[in-house]
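Good morning, everyone, and thank you for making room for this on the agenda. I would like to walk through one structure slowly, for those who have not met it before, so please have it open in front of you.

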Amino acid sequence: MENANYTALTPETLSTRLVALPAVTERLGTDAESWQVKEVGDGNLNLVFIVQSDQGSIIVKQALPYVRLVGDSWPLPLYRAYFEYHALTRQAARDPGTVPEIYHFDEDQALIVMEFLSPHVILRSKLIAGEKVDDLGAFCGKYCARTAFRGSELSMTSADKKADVGLFAGNVEIPAITEGLVFTDPYFEAELNNHTPELEPVINELRNNIELKRMAQVMLTKFASNTETMVHGDLHSGSIMATQSEIRVIDPEFAQYAPLGFDIGMLTANYLMAYFSQPAHRGTDLEAYQDWILSVITECWSSFEAEFRHLWNTERTGMLFPKSLFEDQGHSSETACDGVLADIWQDALRFCGIEMHRRCLSLAHNADFETIEDTTVRAPLEARNLQMGAELVLKTDTLKDAKALIALARTFNA
Ligand code: ADP
Ligand code: MG
Ligand code: MG
Ligand code: MG
């Protein structure tokens with residue numbers, strides 16, 4: 001699939017190279033000289049350009065043949081744009097209106113032309129700035145439930161689902177980043193790791209906990225081999241863009257078929273990290289804003305559960321838990337649904353705990369903690385996050401529901 005004709009775009013060459021595309025000129029007009037091009041990629045991997053004319057605006061996202069964060073010493077296949085494109089089309093079908101509209105895809109150039117979300121900003125920066133987003137938890141819970149349920153054999157025909165698993169199985173190197181950076185590297189001194197120096201004693205404790213390492217590998221086994229549904233794969237607050245009242249999900253190049261609880265678990269971790277980092281970012285509004293973040297988590301889980309149950313009752317058309325076996329026999333399937341949700345909850349808590357670890361211990365940290373310049377302030381907040389993460393992985397059984405999760409977060413925050 002590697003692309004003989006590929007050339008990375010630059011702000012100088014972009015107009016000339018894209019002016020022949022109807023999908024672009026339809027929105028910007030044909031006076032390419034007048035287009036304004038700005039490279040805005042702030043992610044770890046790709047080029048992202050905003051292109052504007054007096055008629056309209058677009059985003060052009062192009063993969064680079066290496067990891068942007070590290071440089072060309074770490075090559076990475078261009079085909080991730082192909083998986084991002086396919087993931088976006090599936091998400092648009094499974095939860096309409098939640099992803100940017102796609103205008104054009106060029107496989108050779110590893111390039112996607114899409115809707116410019118504006119004035120949306122990255123949710124992580126809103127969380128650091130102390131801004132609220134209306135109905136954030138409800139949006140996230142619904143999005144996770146719909147994409148999880150509708151991408152699984154609870155809903156899809158086995159033929160369609162298995163064909164799709166086959167397609168996404170070609171996405172090898174990108175999930176491999178998750179497999180290494182998320183599940184393995186945090187738990188030993190891997191070469192690319194870094195951490196806040198003052199955390200050393202806490203980290204030693206984690207890395208000497210054999211049960212913790214074992215459970216992280218159990219979850220890696222599930223992540224790598226359980227193809228329950230198509231996950232976004234990189235669902236953190238940097239992959240959500242929002243205004244105060246409108247929310248979209250971007251950047252699904254890590255998509256693959258994986259456990260039902262993966263996305264919501266990773267996302268929950270990112271809300272918890274936002275929560276634990278707040279004492280360094282807020283003043284007198286600290287408590288109120290932290291309470292709001294916790295309410296987003298609660299809301300996310302309650303709407304996930306409500307939507308999942310709704311889809312269970314209205315769209316259960318796949319081979320799993322078929323109506324022919326339950327309802328058609330006059331038997332309720334409610335406890336079966338309870339059981340599926342309980343398994344999702346357990347998996348999600350463990351993915352959540354592991355994500356909380358890797359964002360402080362492995363390669364790609366998050367701005368919630370990283371922008372706290374004084375390490376003597378940052379370290380104790382990261383330590384709360386690390387210790388709660390371990391509890392989520394090891395004492396999963398003691399946490400029955402989101403209420404218990406929130407209560408636990410409050411005890412670590414004290
Ligand atoms: P990466 O895969 O490198 O992380 P992203 O898809 O996350 O790239 O995009 C990087 C940044 O570009 C985002 O953080 C956001 O600021 C901006 N961006 C990406 N897609 C859009 C879009 N559709 N509309 C507006 N801004 C976008
Ligand atoms: Mg990104
Ligand atoms: Mg750090
Ligand atoms: Mg990305």
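**A walk through the chain**

Let me begin with the overall picture, in which buried residues make up 45% of the 414 residues in the chain. Please keep in mind throughout that this is a predicted model, and that every value I quote is computed from it. The C-alpha trace spans about 60 × 60 × 40 Å along its principal axes, and a compact globule of 414 residues would have a radius of gyration near 22 Å, so the 22 Å found for the chain agrees with that expectation. The secondary structure comes to 15 helices and twelve strands. If we take the contacts with a separation of 6 or more, residues 24 or more positions apart account for 75% of them.

How is the chain divided into domains? The domain assignment gives domain 1, residues 14–115, and domain 2, residues 121–413. Their centres, taken over C-alpha atoms, are separated by 27 Å, and 18 residues of domain 1 are in contact with 19 residues of domain 2.

That brings me to the core. The largest nonpolar core has 109 residues, of which Val60, Ala81, Tyr271, Leu272, Tyr275 and Ile297 touch the most other members. Helix H12, residues 334–361, gives the most to this core, with twelve residues. Domain 1 and domain 2 both give residues to the core, which is why it can be said to lie between them.

I would now like to stay with Ile297 and the helix that carries it. Leaving out residues up to four places away in sequence, Ile297 touches Gly137, Thr268, Tyr271, Ala402, Leu405 and Ile406. Ile297 is also one of the buried residues of helix H11, among them Gln290, Leu294, Cys300, Trp301, Phe304, Phe308 and Trp312. What covers the buried residues of H11 includes helix H5 (136–150), H10, H12 and helix H15 (402–413). Helix H11 itself has 29 residues and reaches 42 Å from its first C-alpha to its last, close to the 42 Å expected at 1.5 Å a residue. As a general reminder, an α-helix has 3.6 residues a turn, so residues three or four places apart point the same way.

Just ahead of this helix is Gln278, in the loop between helix H10 (262–277) and helix H11 (286–314). Is Gln278 buried or exposed? With 22 C-beta neighbours inside 10 Å, where 20 are enough, Gln278 counts as buried. Apart from its neighbours within four places in sequence, Gln278 is in contact with Leu286, Tyr289 and Gln290.

Beyond the other end of H11, in the loop between H11 and H12, we find Phe321. Its phi is near 45°, a positive value in a residue other than glycine. Phe321 has 17 other C-beta atoms within 10 Å, so it is classed as partly exposed.

Let me turn to the strands, starting with S7, residues 111–115, which is mostly covered, with four of its five residues buried. Strand S3, residues 57–62, runs antiparallel to S7 and is joined to it by five bridges, with Ile58 standing opposite Glu115. Strand S6, residues 102–106, is likewise antiparallel to S7, through four bridges, and here His104 has Val113 as its bridge partner.

S6 and S7 form a hairpin with four residues between them, and Ala110 in the turn has a positive phi of about 50°, although Ala110 is not a glycine. Ala110 counts as buried because it has 27 C-beta neighbours inside 10 Å.

Following the chain onward, we come to Pro119 in the loop between S7 and S8. The peptide bond from Ser118 to Pro119 is cis, with omega near 10°.

Finally, there is an open sheet of three strands in the order S8-S10-S11, with antiparallel pairing. Its edge strands are S8 (121–122) and S11 (247–249), each of which pairs on one side only. Strand S10, residues 240–242, is joined to S11 by three bridges, and Ile240 stands opposite Val249 in S11.

If you keep one point from today, let it be the core to which both domains give residues.

Note on methods:
Residues are numbered from 1 along each chain as its sequence is written. Chains are lettered from A and ligands numbered from 1 in the order in which they are written. This is a predicted model: local features need pLDDT of at least 70, side-chain atom pairs count only at pLDDT 80 or more; totals for chains, interfaces and linings use all residues. A nonpolar core is a set of buried Ala, Val, Leu, Ile, Met, Phe, Trp, Tyr and Cys residues joined through C-beta atoms within 7 Å. A residue is buried if 20 or more other C-beta atoms lie within 10 Å of its own, exposed if 12 or fewer, and partly exposed in between; C-beta atoms are placed from the backbone. Helices (H or I, at least four residues) and strands (E, at least two) are DSSP runs, numbered from the N terminus. Domain bounds come from an automatic or database domain assignment. Two residues are in contact if their C-beta atoms, placed from the backbone, lie within 7 Å. The radius of gyration is taken over C-alpha atoms; the globule rule is 2.2 Å times the number of residues to the power 0.38. Two strands pair if DSSP finds at least two bridges between them. The expected span of a helix is 1.5 Å times one less than its number of residues.
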